[in-house]
Amino acid sequence: MIYVHIKKELAKFETDIRDLCLAFFPLQNLNLGTGYIIAKKGTPFNNKKNLNLGTGYIIAKKGTPFENDIIVKDYYTGPLTGDRLTIKSELKRQLYNHLSKLTGKTLLWGTLTGIRPVTIATKFFDLNLGTGYIIDKKGTPFGARIARAYRLYGRAMRAPVSLGTPFENAKNDKLNIKNAVCDELIKKELKKEYYISDEKADELIEIAKNEVQILNRNEIKDYKDMYSVYVGVPFCKSTCLYCSFTSFNIEKFGKYVDDYLETLEKDFATRIEKIRESENKGCPQISNNIPRPQIQKLQPLTLYIGGGTPTSLDETAFEKMLTIIDKYVDRSKCVEYTVEAGRPDTITKEKLLIMKRHGVTRISINPQTFNQKTLDLIGRKHTVKDVVEKFKLARSLGFDNINMDIILGLPNEHLFQVLKTLNGIRKLKPDSFTVHSLALKRAARLNFELDSWTKNYYLAGLGNRMMAKCYIPEGKREIDKMFKWSRRLADFLHLQPYYLYRQKNMAGNLENVGYAKLGKECVYNIMMMSERHTVYGFGTATTKKIFYENDGSKRIESEEGYKSVIDYCKSFETI
Ligand code: SF4
């Protein structure tokens, strides 16, 4: 068992402590109490597991490499009162050092456990400068320190740029050297503050720079005064093993599709009034208090239809849905219109033509893997051949922005299988591709059947559940190699990384990364993942996120929509 003691004063950081401990002891069962060793043999609390005595033990399961008790205590000697952020950072660093000593492990992501690490790096950039950096902007985490260190820049410019220095890749011109120096300084700060590895620091800086450049494009740069629209279509042909999204089997719930579309129309009609009112009050950005002209339709920057699998609807229903959207959405300022056509077995020539007629600019056709055995195992009812055929069909009909998703860490998949998948992607040359690390979600079948899947991983020789082998150093595991090969493929296809996010319980404690050709990025993904502007969700399982910015400080208000199709339809019945 692993018991982690949390001082009472630090109980407010329980989530941070838990997440960091989980990064060291992946996928162990946690039982956080309040400060006592619960149920350790020979202690007064033996057999009193349910007493819930205190704050703070993580208990590992039998049969894991940690079945011998580990007690984590006395790891924090810093201040207990004062600035919350300072205490949190110090606590995480000290806990990290303690756990690192205990396990002999270092983590690629260091103390970072949040889902949006890129936002830490984007703080260094000034959006108005494009390629420039915020050197000394107040309110940035390392502004002053960077400013001091930035004086080095003058020195570096006079010095020759030689091989082996961090600047060796910078050409001998002032801007490139300046940027290389800034990259190094930011990296240094990230490492010092978060103990992040070189590899991940480089990745963050690269993605942050790409993101900033995309947001500076003429057609996008006013994104703060605009919003995105997301439409949820919660139907799929079957449920994938790892799925935690709201997804209803179309065979069983197909009878609700007509009602769903009728409700979606009512949803648009009623909400558009409210959005208009809020826009005239200066929302979504309260700093922008200019009353807007009355809108008859929504005018989003990006439009995204996701799910579920929207193309699960039959042709008639699918066209009806796109017609409803046309009625309420004006795309004159829209930089992209995405439809997730994830399952290739839901794509037909007619549906592709319908999308063309309605102005869809970007679609996703997601193989997840090019290994048929794995597809069968994870419950996707399509073949590898379907992926290839539907991709080629879409290309032949003029779709010039197609994304493909893959997942690393699927059951029974070794590097060999992943290389096969990457080779399949290489041949098709999508315009963007997104690499996911399998995440164990609470609501997923994978989680409910975890014990049998664990066996499956063991049998495949992949070690302690989902390849999270605790005793292999991060960076040297099979999944790390899979990740590196994915990156190599992206480079080969001239796709650059432009967004990244992390989730809890990800295979290998890694991340999801989106790569795209220049100009073919999904701007909606950036807006969502970096919480850049307001997103209005329509349909089930959508979230309304209202973004406020005032004097440089941001606030996001989120509101979850209905999860169930039936509840969603009922809620609009009287209208
Ligand atoms: S296709 Fe996506 S939404 Fe549908 S079941 Fe699979 S993971 Fe879930």
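This is a short walk through one predicted protein model and the ligand it holds.

Okay, hi everyone. Please keep in mind that what we have here is a predicted model.

Let's start with the chain as a whole. The protein chain has 575 residues, and 44% of them count as buried. Its secondary structure adds up to 19 helices and 15 strands. Now look at contacts between residues with a separation of 6 or more: 71% of those in the protein chain link residues 24 or more positions apart.

Next, the inside. In soluble globular proteins, nonpolar side chains tend to be buried together. Here, the largest nonpolar core has 128 residues, and the ones touching the most other members are A121, L204, V229, I363, I365, L408 and F433. Which helix gives the most to this core? That would be helix α7, residues 198-215, with 8 residues.

Let's zoom in on F433 from that list. If you skip its neighbours within four places in sequence, F433 is in contact with N403, M404, I406, I425, A490, L495 and Y515.

Right after strand β9 (402-408) comes a loop that leads to α14 (415-428), and G409 sits in it. Is G409 buried or exposed? It's buried, because 25 other C-beta atoms lie within 10 Å, and the cut-off for buried is 20 or more. G409 and Y457 are 48 residues apart along the chain, yet 9.7 Å separates their C-alpha atoms.

Now for the ligand. Around it you'll find C236, T239, C240, C243, F245, S247, G307, G308, T309, G342 and R343. If we sort that shell by type, we get 4 nonpolar, 6 polar and 1 charged.

Two of those shell residues, G307 and G308, deserve another look. The peptide bond joining G307 and G308 is cis, with omega at about 20 degrees. G308 itself is in the loop between β6 (302-307) and α10.

That brings us to helix α10. Two packed helices are described by the angle between their axes and the distance between the axes. For helix α10 (residues 315-328) and helix α11 (residues 349-357), the axes come within 10 Å and cross at roughly 10 degrees. Angles under 35 degrees count as roughly parallel, so α10 and α11 are roughly parallel to each other. On the α10 side, the contact uses E315, F318, E319 and L322, and on the α11 side E350, K351 and I354. By type, those residues are 3 nonpolar, no polar and 4 charged.

On to a couple of backbone oddities. Q368 isn't a glycine, but its phi is positive, about 65 degrees. You'll find Q368 in the loop between β8 (362-364) and α12 (372-377). H494 is another residue other than glycine with a positive phi, near 60 degrees, and its place is the loop between α17 (478-492) and β11 (496-501). How do their surroundings look? Q368 counts as buried because it has 23 C-beta neighbours inside 10 Å. H494 is exposed, with 11 other C-beta atoms within 10 Å.

Last stop: K544, in strand β14, residues 543-550. With 17 C-beta neighbours inside 10 Å, K544 counts as partly exposed. Leaving out residues up to four places away in sequence, K544 touches Y536, G537 and E559. Take E559: it's 15 residues from K544 in sequence, and the two are 5.1 Å apart, C-alpha to C-alpha.

That's my tour, thanks!

Notes: Residues numbered from 1 in each chain as written. Predicted model: local features only at pLDDT ≥ 70, side-chain atom pairs only at ≥ 80, totals over all residues. Near = placed C-beta within 6 Å. Nonpolar A, V, L, I, M, F, W, Y, C, P; charged D, E, K, R; others polar. Core = buried A, V, L, I, M, F, W, Y, C linked by C-beta atoms within 7 Å. Buried ≥ 20, exposed ≤ 12 C-beta atoms within 10 Å, placed from the backbone. Helix = DSSP H or I, 4+ residues; strand = E, 2+ residues; numbered from the N terminus. Contact = placed C-beta atoms within 7 Å. Axes fitted to C-alpha atoms, helices over the stretch in contact; angles between N-to-C directions. Parallel < 35°, antiparallel > 145°, perpendicular 65-115°, else oblique.
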